[in-house]
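Please look over the sequence and the structure shown here before reading on.

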Amino acid sequence: MKPSRSRAMDHYKALGLNKNATKDEIKQAFRELALKFHPDKHSLSSEEVKERAAARFMRATEAYEVLIDDGKRADYNRRSSSFSGGSGKAGSYGYSYNRSSYQSTSRPNSRRGLNFDAVFRFLTSRGFLLNTAFASIILGGAVVIERSGEKIWKMQNSGKSFEEALESIQKSKVQQPKDNS
């Protein structure tokens, strides 16, 4: 059985702590759980025991990463108390964890259709801004080249428009005798 990431998890309960735990208590609780449930310790165990230990280790790791960081912990405490009526436990709104980021899974804005936070993060990402700057440079260069070509033409061919010049070239091609004999 693989652990479900979509369920809300009480991070304090996962580490066996109360909400007032200090950073030292959080570190100590995580160390104890990591030593007990680390997958390497269960390498010779049955598959079921390995999976349960791995799931417990991952929950402890997730809880540690949230609770050890002051900003994430404050956000977690605020969200878990506001969505559960102040009881301090995460309700149907919680956090999902993947190894690269910490994301809220709360759904109050999901019915509006557009996630403005995600759009803002995308529009301000480094890659988007670099691509936008590159496209602007290319477009600006194309405009400059087109306008400078017209100016150069007018400077060298005063009195004739570009269309008139094309007509005269076409006429000269038609009037030239063909050397196919």
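The report below goes from the whole chain to its core and then to a patch on its surface.

This is a predicted model, in which local features need pLDDT of at least 70 and side-chain atom pairs count only at pLDDT 80 or more, while totals for chains, interfaces and linings use all residues. Residues are numbered from 1 along each chain as its sequence is written, and side-chain values use heavy atoms, with hydrogens and water left out.

The protein chain holds 7 helices and 2 strands, which follow the pattern α-α-α-α-β-β-α-α-α along the sequence; helices (H or I, at least four residues) and strands (E, at least two) are DSSP runs, numbered from the N terminus. Of its 181 residues, 20% are buried, where buried means under 20% relative accessible area, exposed over 50%, and partly exposed in between (1.4 Å probe, protein chains only).

The largest nonpolar core (buried Ala, Val, Leu, Ile, Met, Phe, Trp, Tyr and Cys residues joined through side-chain atoms within 4.5 Å) has 19 residues, of which L15, I26 and L67 touch the most other members. The elements that give two or more residues to this core are listed here.

| Element | Residues |
|---|---|
| α1 | 11-15 |
| α2 | 23-37 |
| α3 | 47-68 |

The largest share of this core, 7 residues, comes from α3. Leaving aside neighbours within four places in sequence, L15 is in contact (heavy atoms within 4.5 Å) with residues including I26, F30, L33 and L67.

Turning to helix α5, residues 116-123, we find L123, which is partly exposed, with a relative accessible area of 39%.
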